[in-house]
Structures are given as structure tokens and as C-alpha cells.
Amino acid sequence: MNKIDFRSDTVTKPTPGMLDAMMNAKVGDDVFGEDETVNALEEKLAAMFNMEAALFCPSGTMSNQIAIKCFTQPMDEVICDQTAHVYRYEGGGIAYNSMASVRLLNGERGILTPEMIEPEINADNIHYPNSSLVVLENTVNKGGGKCYTLGQIEPIHNLCAIKGIKLHLDGARIFNALVATGDKAKDYGHYFDGISVCLSKGLGAPVGSVLLSSKATIKKALKIRKVLGGGMRQAGFLAAAGIYALDHHVNRLADDHQHAKALAEALQQTSYAESVMSVETNIVLFDVAKGLKADHMVRALESKGILCNSTSDKTIRFVTHLDVSSAMIDQAISNIKGLHV
Ligand SMILES: *Cc1c(COP(=O)(O)O)cnc(C)c1O
């Protein structure tokens with residue numbers, strides 16, 4: 001039986017069209033700045049988001065960590081939600097790379113407001129770390145794919161501007177947010193000092209993230225990427241997959257969102273799932289019913305041909321993506337409903 005893989009939107013394989021684009025990429029040594037496909041990807045994304053410049057990085061972790069390094073000094077403090085990827089899932093990189101502390105907020109499914117942020121900005125006082133950076137995540141991974149709208153981002157931007165604090169966006173799934181909210185990529189550049197965009201999540205490229213910022217910041221970022229060992233040579237083969245994904249895989253994210261909603265509805269009807277979080281994009285989070293263990297349910301679902309992950313001892317996550325078709329969703333729904341525990 002072929003398993004249907006909902007563990008992550010990172011499990012996708014390049015499509016034939018994407019592989020073709022990769023095979024035919026014009027490449028050069030990107031450390032010399034001579035890879036025209038990397039340059040084209042960087043220019044394309046910078047223009048899309050109305051930012052001055054861009055830097056192709058091996059991972060979203062690296063593009064976030066480079067941004068944090070660019071926007072802080074040692075002894076500064078970074079403000080973010082307590083579930084933020086930059087804090088929880090980047091190996092303590094904020095401390096290691098940037099020697100900064102972190103102020104954690106309790107957002108609503110990871111969504112912060114200016115009212116939450118403002119009291120946590122430190123006054124100018126020798127006792128306190130200097131609050132120099134706010135990091136938002138859109139969509140919020142641990143918030144079950146919840147989105148910020150630009151209308152929610154604008155007042156946060158205004159607060160940061162008044163306080164002289166930089167604002168970075170971990171946009172690992174920014175295209176899911178754009179498709180779900182109808183906001184325009186072009187309008188994002190005005191609000192953020194840095195934006196990290198993942199090509200290897202819902203967009204379906206095998207590798208890569210891009211950091212967007214000002215020319216001056218990207219110049220600094222280029223040096224930091226080199227120090228972290230992220231300077232790549234004929235990276236155009238990978239960048240070509242990113243360009244292909246931007247041209248072909250953005251609008252279809254609406255299908256993933258529809259699929260996630262259908263899965264959530266099916267789960268809601270089972271006895272083993274409760275408090276299924278409302279779905280906004282491509283992530284479904286739910287708790288297992290009382291007396292059940294998430295790990296046990298993950299194994300039970302696997303026996304029905306469905307792969308998913310637990311995110312705590314009672315929470316399970318499904319993520320929809322390019323390699324799950326509508327037919328596979330129908331099959332999964334039937335198997336989800338057919339499972340009795
Ligand atoms: C996946 C992800 C990243 C980047 O992860 P990499 O695996 O390093 O590319 C960053 N932020 C969020 C919210 C993510 O989900």
C-alpha cells in the first residue's frame with residue numbers, strides 16, 4: 001500500500017517540469033557572483049516583495065539566523081512568540097550566532113499584536129538588554145498555519161518604526177499566507193527590514209530559502225553566509241527549481257488549503273480527534289481524545305496508510321502539499337473515517 005504522507009510540506013519531490021528546469025539551468029560560480037540563475041532568482045524575489053536585494057541560502061534556518069545576526073548586536077534582545085521557529089527549532093542559534101537574548105510572548109496561535117509587544121520593549125537602562133528586533137512568523141507553524149494579514153502587520157511595523165526596532169519576517173510559508181489572505185507580496189517590502197522565504201516547503205523545490213532586505217543588509221548577509229559555510233558554487237541548478245516553483249506552484253497552494261479543510265472536517269467526525277484547530281492554510285492540528293496518546297494514534301493512522309506526526313503527547317499535525325492529490329485526499333478521508341480505536 002502506498003502511504004499518503006502528511007508529515008510535512010518538505011517531503012515533496014521535484015516534478016518532471018521542475019527537474020527539466022534544473023537540468024537546463026545556466027550556472028556559474030555563485031561565490032564569484034557569476035551564477036546567472038541564482039542572480040535571476042534573487043532579483044525575481046526581491047522585485048516580487050518590493051525589496052532592494054536578496055540572498056539565496058541553503059535553508060530557512062540559515063536565512064533567519066543571518067537576518068537575526070544582521071539586525072542585532074551581542075547583548076541585544078529579540079522579541080518573538082514563544083512558539084517561534086527561530087527560537088524553538090533553530091538549535092539555540094540566536095544565542096550561538098548572535099549572542100542575543102530572547103523575550104518570548106504568548107501570542108494567539110502565534111499571532112502577536114502591538115499591545116503585546118510594546119510593554120516588552122525594554123527602556124534604555126543599563127540593567128536591560130537592548131530590544132533591537134521583532135520577529136514575526138507568517139504563517140505560524142505551531143499556530144496550525146494561522147495567518148497574519150497586512151492589516152495586522154501594519155501597526156506592528158509602526159510601533160517598531162517609532163521605537164527604532166527592526167522587524168523580520170520568518171516567511172517560511174509566506175506564499176500560503178498570501179494565497180489565503182489575498183494580500184499582495186509587493187506590499188510586504190514596505191513593512192519589513194528582512195523577509196525569509198522558503199522554496200522547499202509548499203512551493204515544492206528540493207532546497208533553498210531566500211533572504212530579502214536592503215542592499216546594505218544583504219551585503220552584510222553575504223559575508224555572514226560565507227562564515228556559516230553557506231557560500232555555494234554552481235547553485236543555479238537549485239535556484240532554477242525555485243524559479244520554476246514561483247512560476248508554477250504558487251496559485252495551486254489554494255488546493256492544499258482546500259485539502260487541509262477537508263481533512264479537518266473528516267477528523268472532526270471521528271471519535272479519536274477532538275478540538276481540531278480551525279484551518280486557514282495547509283496545516284491541520286488536533287488533540288487526541290482523552291485517554292489516547294498521540295504517538296499511539298500516529299501508529300494507528302500509519303496502519304491505515306496515513307503518515308503524520310505528533311507535535312506533543314496529545315497533539316497531531318497533518319500538512320498538505322504538492323505531492324498529495326485530490327484523489328489521495330479522498331482516500332485519506334475514507335481511511336480516517338474507517339479507523340476505530
Ligand atoms: C521550515 C521552517 C523554517 C526553515 O526551516 P529549514 O528546514 O531550515 O529550511 C523556518 N521557519 C518556519 C516557521 C518553518 O516552518
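## Helix 7, aromatic pairs and two pockets

In helix 7, the residues Leu150, Ile153, Ile156, His157, Leu159 and Cys160 are buried. Keep in mind that this is a predicted model. Besides that helix, the points below go through the aromatic pairs, of which the structure holds 5, and the two pockets at the top of the size list, with volumes of about 310 Å³ and about 210 Å³.

**Helix 7**

- Helix 7 covers residues 150–163, so to speak a run of 14 residues, and its first and last C-alpha atoms are 20 Å apart, close to the 20 Å expected at 1.5 Å a residue.
- The cover over its buried residues includes helix 6 (114–117), strand 5 (130–137) and strand 6 (166–171).
- Right after helix 7 comes glycine 164, with a positive phi near 70°.

**Aromatic pairs**

- Of the 5 aromatic pairs in the structure, one joins phenylalanine 6 and phenylalanine 318: the ring centres are 5.3 Å apart and the planes sit at 40°, so this pair is tilted.
- Phenylalanine 6 is in the loop between strand 1 (4–5) and helix 1 (16–23), while phenylalanine 318 is in strand 13 (residues 315–319), so the pair ties together parts that are 312 residues apart in sequence.
- Phenylalanine 6 has a relative accessible area of 0%, which makes it buried, and phenylalanine 318 counts as buried at 0% too.
- Phenylalanine 318 also pairs with phenylalanine 286, with centres 5.9 Å apart and planes at 40°, so that pair is tilted as well.
- This second pair links strand 10 (residues 283–288), home of phenylalanine 286, to strand 13, with the two residues 32 apart.
- Phenylalanine 286 is buried, as is phenylalanine 318.
- Elsewhere, Phe49, Phe175, Tyr188 and Phe192 make up one aromatic cluster.

**Largest pocket**

- The largest pocket, at about 310 Å³, is lined by 17 residues, and Asp30, Glu42, Leu55, Leu222 and Arg225 are the closest to its centre.
- Helix 2 (36–48), strand 2 (53–57) and helix 9 (215–227) each bring at least two residues to the lining, and helix 9 has the largest share with 5.
- By class, that lining splits into 8 nonpolar, 3 polar and 6 charged residues.

**Second largest pocket**

- The second largest pocket holds about 210 Å³ of space, and its lining residues include Thr83, Lys142, Ser275, Met277 and Phe286.
- Strand 10 gives the largest share of this lining, 3 residues.
- The lining here has 3 nonpolar, 5 polar and 3 charged residues.
- Phe286 turns up in two topics: it lines this pocket and pairs with phenylalanine 318.

How values were computed
Residues numbered from 1 in each chain as written. Predicted model: local features only at pLDDT ≥ 70, side-chain atom pairs only at ≥ 80, totals over all residues. Heavy atoms only, no water. Phe/Tyr/Trp six-rings, centres within 6.5 Å; stacked < 30°, edge-to-face > 60°. Helix = DSSP H or I, 4+ residues; strand = E, 2+ residues; numbered from the N terminus. Buried < 20%, exposed > 50% of the residue type's maximum accessible area, 1.4 Å probe, protein only. Expected span 1.5 Å × (residues − 1). Contact = heavy atoms within 4.5 Å. 1 Å grid on protein atoms, 1.4 Å probe; cavity = no way out; pocket = protein on both sides within 12 Å on 5 of 7 lines; lining within 4 Å. Points joined across faces, edges and corners; volume = space filled by probe spheres on them. Nonpolar A, V, L, I, M, F, W, Y, C, P; charged D, E, K, R; others polar.
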